[in-house]
Amino acid sequence: MATQPPERSWFDPAAPWAAEIHTDDTREFSRIWQGFMTARFTLGLVLLALQVTLLATGPQNSKWLVAISLAYFASTLTSGLFGKPLFLGDSFNRHWIRLVGVDVLAFSSLQVLQASQVNYTPLFALPILLASVLGSLRLALGTAAGVTMLLLVSTWLTLVAGGTEATLSLLQAALTGVGYFAIALLANQLSSRLSSEGKRARTSQAAVNLQRQVNELVIGSLPDGVLIVDSNGAVRAANPAALKLLTSTPEQRSRLTDLRLEPGWQPLLQLTHASFPLGMGQEDDITIHHEGQGPRRIHVSTRPTNPQDLGGESLCVLFLQDQRELEARMRTEKLASMGRMSTAVAHEIRNPLAAISQANALLDEDL
């Protein structure tokens, strides 16, 4: 059974997408793949139009150039329409031949057949980038080395046929090859870095989502109301207990998006506005009045957030408690305290009474 390869160092031959291609998050890889396929298709169309134009304007141009451009355009069209996103691997396999090899062969044929009329050496950057991003570092450097050897051989053949300045032409081909090596190395490292950063971002996003779900579960199960309001009075979040305290009808519940929409919520809005300038929490007992309904007394505690932690936006968290529940809780605590005190008093009285009763029994026996 094949196992997922471990993470490699940036000098290792593993490709940046090797560990990502088998995961659920393949959309980034698919977008990069489509980008390269679009670039190859566009380049093939431009080359075909260029060769047709040169053939129409200059009879001395060979029809083989048009045939090569047409074949390359058909190959790019087929790969873009029917090809699936895939990792090129770590060797010169059939996937490399179908994509990178076709590009190198087409550009080399155009460069050799058209000689010095048009320079096609800048086009070799596309297959090198393709091998660097979709393949491993070893494959990228191998592709750059192969392209460099092709340039040197093509330059040598041109020099043998034309007898031009040998040193300058060979130096130009060598410098171009060095540039291709730099492109392969930098593109592979940038894609590796972006891949690792994307993986770290997805891990962080998963942790944030999990933490948000836990917070929602905890806040939703709190018996006290929790309301999050911004400086304008807009309600960002409210748990079920807050909805129960502040609303009585479905219409009011649907309007609990802004504290300015209901006159009964004005005390909450005023307490929120008083908390923002001071940057400190406020506590107060307010009364909520809704038309046609009885008053509801609520104890409110506000906690404004630090605007620097939220990109300059300041929020205020309101903790709501029903006064009736607080009073009932206080009565229950008082009764519990009285019961504990009564038990302690009874215990303290029972001990001397038991001693007195025992002494009376002894005196009765003596009489």
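Student: In this predicted model, what do the side chains of arginine 200 and glutamate 197 form where they meet?

Tutor: They form a salt bridge, with 2.9 Å from N to O. The general idea is that side chains of opposite charge can pair when their charged atoms come close.

Student: Where do arginine 200 and glutamate 197 lie, and how many residues apart are they?

Tutor: Both belong to helix H6, which covers residues 166-220, and they are 3 residues apart, about one turn of the helix. The general rule is that an α-helix has 3.6 residues a turn, so residues three or four places apart point the same way.

Student: How should I describe the accessibility of arginine 200 and of glutamate 197?

Tutor: One compares the relative accessible area with two limits: under 20% a residue is buried, over 50% it is exposed, and in between it is partly exposed. Arginine 200 has a value of 48%, so it is partly exposed. Glutamate 197 has 33% and therefore also counts as partly exposed. 

Student: Which residues are joined into one network by salt bridges that share partners?

Tutor: The network consists of Arg193, Glu197 and Arg200.

Student: How many salt bridges does a search of the whole structure find?

Tutor: The search finds 6. One of the salt bridges pairs arginine 40 with aspartate 103, at 2.9 Å from N to O. This pair links distant parts of the chain: arginine 40 is in helix H1, aspartate 103 is in helix H3, and 63 residues separate them. Another salt bridge pairs aspartate 258 with arginine 260, at 2.7 Å from N to O.

Student: Are arginine 40 and aspartate 103 buried or exposed?

Tutor: Both are buried. Aspartate 258 is buried as well, because its relative accessible area is 12% and the limit for a buried residue is 20%.

Student: How can I check the length of a helix, and what does helix H2 show?

Tutor: One compares an expected span, at 1.5 Å a residue, with the distance between the end C-alpha atoms. Helix H2 has 20 residues, from 63 to 82, so it should span 28 Å; its end C-alpha atoms are 28 Å apart, which agrees.

Student: Which residues of H2 are buried, and which helices do they pack against?

Tutor: The buried residues are Leu65, Val66, Ile68, Ser69, Tyr72, Phe73, Ser75, Thr76 and Ser79. They pack against helix H1 (27-57), helix H3 (94-114) and helix H4 (125-134).

Student: Which residues form a nonpolar patch on the surface?

Tutor: To read such a patch, one looks at its members and at the accessible area they have together. Here the members are Val153, Trp156, Leu157, Val160 and Leu170, with about 470 Å² together. Helix H5 (residues 137-162) gives the most to this patch, with 4 residues.

Student: How do leucine 157 and threonine 148 count in terms of accessibility?

Tutor: Leucine 157 lies in helix H5 and is partly exposed, because its relative accessibility is 44%. Threonine 148 also lies in helix H5, but its relative accessible area is 10%, so it is buried. When residues up to four places away in sequence are not counted, threonine 148 touches Gly177 and Phe181.

Student: How do strands E1 and E2 run, and how many bridges join them?

Tutor: Strand E1 (residues 225-230) and strand E2 (residues 235-238) run antiparallel, joined by 3 bridges. Within the pair, isoleucine 228 stands opposite alanine 237 in E2. The two strands form a hairpin with 4 residues between them, and glycine 233 in the turn has a positive phi of about 95°.

Student: Where is the place of histidine 289, and which residues is it in contact with?

Tutor: Histidine 289 is in the loop between strand E3 (283-288) and strand E4 (296-304). Leaving aside neighbours within four places in sequence, histidine 289 is in contact with Gly264 and Pro295. Sequence distance and spatial distance are separate readings: histidine 289 and tryptophan 265 are 24 residues apart in sequence and 8.0 Å apart in space, C-alpha to C-alpha. Histidine 289 is partly exposed, because its relative accessibility is 48%.

Student: How many helices and strands does the chain have, and what share of its residues is buried?

Tutor: The chain has 10 helices and 5 strands. Buried residues make up 35% of its 367 residues. The accessible surface of the chain comes to about 22,200 Å², and 63% of that belongs to carbon and sulfur atoms. Of the contacts between residues at least 6 apart in sequence, 58% join residues at least 24 apart.

Definitions and conventions
Residues are numbered from 1 along each chain as its sequence is written. This is a predicted model: local features need pLDDT of at least 70, side-chain atom pairs count only at pLDDT 80 or more; totals for chains, interfaces and linings use all residues. Side-chain values use heavy atoms; hydrogens and water are left out. The expected span of a helix is 1.5 Å times one less than its number of residues. Buried means under 20% relative accessible area, exposed over 50%, partly exposed in between (1.4 Å probe, protein chains only). Contact means heavy atoms within 4.5 Å. A salt bridge is a side-chain nitrogen of Lys or Arg within 4 Å of a carboxyl oxygen of Asp or Glu. Patches are made of residues with over 30% relative accessible area and no salt bridge: like charges are joined within 9 Å, nonpolar side chains (Val, Leu, Ile, Met, Phe, Trp, Tyr) within 5 Å. Accessible areas come from the Shrake-Rupley method with a 1.4 Å probe; for residues, only the protein chains shown count as cover. Two strands pair if DSSP finds at least two bridges between them.
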